[in-house]
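This briefing addresses a single protein chain, to be read alongside its sequence and coordinates. Confidence, one pair of strands and one acidic residue are taken up below.

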Amino acid sequence: MKNTLLLTLVALAACSHGSHALFFKRGDKFEAHNWLAIIDFNRFRPGFRGGSLAKDGLAKIESFVGDVGTAPRTPTNFPSTDQEVMISGTFLQDPLVTDALAIVNRVVPASLLNIAPSTYVSGSTVTYNANAASTCYWPSNQCIRQTDGTGYVRDVYTCLGTNQWGLSYDDGPTVNVVNGVNTADSLAIYNELQKLGVKATFFSVGSNVIQNPSILKTLDAAGHQIAVHTWTHHPLTSLTNAQVVAEIKYTEAVIYQAIGKVPSYLRPPYGDVDDRIRAIANALGYHVALWNQDSQDADVTATTANGATVLNTITSWFNLAASFVSLEHDISTFTSQIAVNALQQVQRLKAAGTPIKFSIQPVAQCNNHPFYTFPSNTTTTASNATTAVVRTTAVVRTTAIVTTALVATTSRASTSPTIQFSQN
């Protein structure tokens, strides 16, 4: 009788939500979207890897909603690689987008989908039109959703364990080959990570991935986490719901084309996120990942003096008291060279017998989340983290995005010649 009831509930849930039934994961169980019952979904989905994702073992919602655990559609065409060209027209009509948008419309509360988009000004600057406090608009005051709410799950912004450093790089993959050697680019960072024996998260821009898919293959093969950083790197709150879905799904599709995996993490460009963007991302199977330590490497002019200042900021993290997630970039030779120099400093401390205290690892790993939602056998957790030890004493402030009453602005450094910085 019990099994019959469970099967009936599964069938009803599937019928009421089409082929993409909505479930919330609580521990090892999946709860039906209508909250009428808790369904032991593992019985009816052979090969699904269950298990609690909550590091503390508490029964709380930690995973995804919507259409997850399947390979993405292949789009008819990919959008332009010009990041100044917004996704529009026929690209929004591709089934890759329309099917995903249908899921979003079905599972996300209308109150969230109807939050007013911001008005795009230029670059990273938008005028935010909704109530920043009630929508938890991050650029306004670095608002973080620390618990699950109606229509969204908690943000990822730090590591859950002791002495953990969630290391991440945004905006790649990029290539800069000098005399046959990758210099101050994504693979140069990769080479330093390999020397240390540690892994990181690479939040990748779709329009860059499609031009450099082999880099993603190399990073993935070495065990680094590949995550979504949208297609155009445009402020997401200024886009329509359909455009937000398109930014995510086209990037997901090109990443899948490169490595055969569907990421579980999304970082909104510039941290431009509110509850509408959170809910859309969650409905598509993504955790929203922010940070609590910012190198500001992409916010300064590419000069030797600024490079040294940024490097000092990064090395000061070695002395932090608590675990953290950091933001660095592999967008330019300037930012990538700073990243290389910072990793070399970690290596020097290790060689000198004074390693840093932090275990450097991908952001999903230090939050005990799977790297990918498809295939199901690509789960990686903090249990197999590689430790590189760092030692320090100062606390670095978290740098807020510059805001005024209704205008939020950030910036990214443009590509510049490689600059070498003196080491401390």
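Which side chain does a polar contact of 2.7 Å join to that of Asp-297? The partner is His-329, as the bullet points on Asp-297 set out. The model is predicted, and its average pLDDT is 80.

**Confidence**
- A pLDDT of at least 70 is reached by 73% of the residues.
- Residues 1-66 have a pLDDT below 50, and this stretch makes 118 contacts in the model beyond near neighbours in sequence.
- The pLDDT is also below 50 over residues 381-424, a stretch with 143 contacts beyond near neighbours in sequence.

**Strands β10 and β11**
- Strand β10, residues 201-204, runs parallel to β11, and four bridges join the two.
- Phe-203 has Ala-227 of β11 as its bridge partner.
- Within β11 (residues 225-228), Gln-225 and Ala-227 point one way, whereas Ile-226 and Val-228 point the other way.
- All of these β11 residues, Gln-225 and Ile-226 included, are buried.

**Asp-297 and its surroundings**
- Asp-297 is located in the loop that lies between β15 (293-294) and α10 (304-316).
- Although buried, Asp-297 has no salt bridge.
- Arg-267 provides the nearest side chain of opposite charge, 9.5 Å away from Asp-297.
- The side chain of Asp-297 does make polar contacts: one is with the side chain of Ser-295, at 3.0 Å, and another is with the side chain of His-329, at 2.7 Å.

Note on methods
Residues are numbered from 1 along each chain as its sequence is written. Side-chain values use heavy atoms; hydrogens and water are left out. pLDDT is the predictor's confidence in each residue, from 0 to 100. Contact means heavy atoms within 4.5 Å. Buried means under 20% relative accessible area, exposed over 50%, partly exposed in between (1.4 Å probe, protein chains only). Two strands pair if DSSP finds at least two bridges between them. Lys and Arg count as positive and Asp and Glu as negative; His and the chain ends are not counted. A salt bridge is a side-chain nitrogen of Lys or Arg within 4 Å of a carboxyl oxygen of Asp or Glu. A polar contact is a pair of N or O atoms within 3.5 Å; within protein, one must be able to donate a hydrogen and the other to accept it, and residues adjacent in sequence count only if both atoms are side-chain atoms.
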